[in-house]
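Visitor: I'd like to walk through this model with someone who can explain each step. Shall we take it one question at a time?

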Amino acid sequence: MGKGAAKYGYKSGILPSTRRILKNPTVNQTGILERVKEAKPKGINGVGYAKGIKHPKGSHRNPPPLKFIDVEEVIYNTVKPKSENTTAASEQQLLKQNQAELRRKYLSESLRNEEQRLLKQEELLKKKERVLQEQREAELKELNKERSSNLTIPTLEGIMNQPLMRQRTAEEQEILDLKRKHNKELIEFKAKERKLANLVQLCHAADHFIVTEEQLVASVEKAFASDNQDVLRNKLSLSTSQQTARNEGEISDALFGTLGNGKYVGLPIVKEFLSGEMEQFNQEINTKLDELTKQAEERKDSVL
């Protein structure tokens, strides 16, 4: 190792710098094509020489146009395919033909792979530029964001230019409409349920309605008979015990869904009958009773 090896990192040998496989950009590199087609800047930061200014000797006043190549055309002109009429006369000639075909294959693959590498590199650079641009925009947005320390007393102009109330979003408006619709349908359902309960009560009370003159006369005579005057007096004057009994009857009707202190069927029982819940409940009770009866009989047989 000689004295000058230090500047090469104390390496005994230095490999030559890699050469580019494609000397010119390809037609598929759209980024370079767009940059070439862009208008050149003028003025102080422009490109080229102004009028009346001579260019240096040995140089060109205008840069030569950038040449774009087609990889497939380069492959065809550089490594032309083997002619079909060529036949090997000897084994040595056949070996040379195989080597030439192998060189054609490797060279064409290297040119195509180099083009794909350049296209991928260009795509990665564009992606990196987009990411950096987004980061810069996010930083500027964060810097320009209004902070609580920068807030001041609202001015009259600001109050007049801004709405007094925040407008609802589409989702909030949809939720509000659903709530209103639900409340409206619930109120209508409760009203119909009350009407139905009154109708059931009216059906039970219809048996005692007076619809003919004979029924009216009989009811009046029965009410004002001498033996019923005490009963009528008791009905008109309610004592504390009677009031308590009436309250208990109303509570039992509310609990068990009946009317008239359990004498008539109420709306809840009618709904259970129509929906089939009553029949299902009766079946479950009967099933339980049958199971208990069987268990009792089995115990009785085991004891005997």
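Guide: Happy to, and please keep in mind that this is a predicted model. Let's begin on the surface, where L196, L199, L202, F209 and V211 form a nonpolar patch of about 480 Å².

Visitor: Where in the chain does F209 from that patch sit?
Guide: F209 is one of the residues that make up the nonpolar surface patch. F209 counts as partly exposed because its relative accessibility is 43%. As for its place, F209 belongs to the loop between α5 (170–205) and α6 (213–223).

Visitor: Stepping back, what pattern does the chain follow along its sequence?
Guide: The secondary structure comes to 10 helices and 2 strands. Written in sequence order, the pattern is α-α-α-α-α-α-α-α-β-β-α-α.

Visitor: What percentage of the residues count as buried?
Guide: The chain exposes about 27,900 Å², and carbon and sulfur atoms supply 56% of that area. A residue needs under 20% relative accessible area to be called buried. Of the 304 residues in the chain, the buried share is 10%.

Visitor: Which elements give two or more residues to the largest nonpolar core?
Guide: That core has 7 residues: L22, I69, V71, I75, V79, L111 and L118. The elements that give two or more of them are α2 (71–78) and α3 (91–144).

Visitor: Is L22 buried or exposed?
Guide: L22 lies in the segment before α1 (30–37), and it is a member of the largest nonpolar core. Setting aside neighbours within four places in sequence, L22 touches I69, V71, L111, E114, E115 and L118. With a relative accessibility of 4%, which is under the 20% cut-off, L22 is therefore buried.

Visitor: How many Å separate the C-alpha atoms of L22 and E114?
Guide: E114 is among the contacts of L22 outside its sequence neighbourhood. In sequence the two residues are 92 apart. In space, C-alpha to C-alpha, the separation of L22 and E114 is 7.4 Å.

Visitor: Which residues does I75 contact, leaving aside its neighbours within four places in sequence?
Guide: I75 is another member of the largest nonpolar core. With those neighbours set aside, the contacts of I75 include L111, which also belongs to that core. The full set is K80, S108, L111 and R112.

Visitor: Why does Q29 count as buried?
Guide: Q29 lies in the segment before α1. Leaving aside neighbours within four places in sequence, Q29 is in contact with L118, L119 and E122. Q29 counts as buried because the threshold is under 20% and its relative accessible area is 6%.

Visitor: How many residues apart are the salt-bridge partners E72 and R112?
Guide: A search of the whole structure finds 5 salt bridges, and one of them joins the side chains of E72 and R112 at 3.0 Å, N to O. This pair links distant parts of the chain, with E72 in helix α2 and R112 in helix α3. E72 is partly exposed at 42% relative accessible area, and R112 is partly exposed at 34%. Along the sequence, the separation of E72 and R112 is 40 residues.

Visitor: Which helix holds both E101 and R104?
Guide: The side chains of E101 and R104 form a salt bridge at 2.9 Å, N to O. E101 is partly exposed at 38% relative accessibility, and R104 is partly exposed at 22%. The two residues are 3 apart, about one turn of the helix, and that helix is α3.

Visitor: Is E114 buried or exposed?
Guide: E114 forms a salt bridge with R117, and their closest N and O atoms are 2.7 Å apart. Both lie in helix α3, 3 residues apart. R117 is partly exposed, with a relative accessible area of 44%. E114 has 13% relative accessibility, so E114 counts as buried.

Visitor: How far apart are the end C-alpha atoms of residues 271–302?
Guide: An unreviewed UniProt entry lists residues 108–146 and 271–302 under "coiled-coil region". In the model, the span 271–302 is 97% helix and 0% strand. Its end C-alpha atoms lie apart by 45 Å.

Note on methods
Residues numbered from 1 in each chain as written. Predicted model: local features only at pLDDT ≥ 70, side-chain atom pairs only at ≥ 80, totals over all residues. Heavy atoms only, no water. Core = buried A, V, L, I, M, F, W, Y, C linked by side-chain atoms within 4.5 Å. Buried < 20%, exposed > 50% of the residue type's maximum accessible area, 1.4 Å probe, protein only. Helix = DSSP H or I, 4+ residues; strand = E, 2+ residues; numbered from the N terminus. Contact = heavy atoms within 4.5 Å. UniProt positions renumbered as here; feature names shortened; annotations may be inferred. Patch = residues over 30% accessible without salt bridge, like charges linked within 9 Å, V, L, I, M, F, W, Y side chains within 5 Å. Areas by Shrake-Rupley, 256 points an atom, 1.4 Å probe, with all protein chains shown as cover. Salt bridge = Lys/Arg side-chain N within 4 Å of Asp/Glu carboxyl O.
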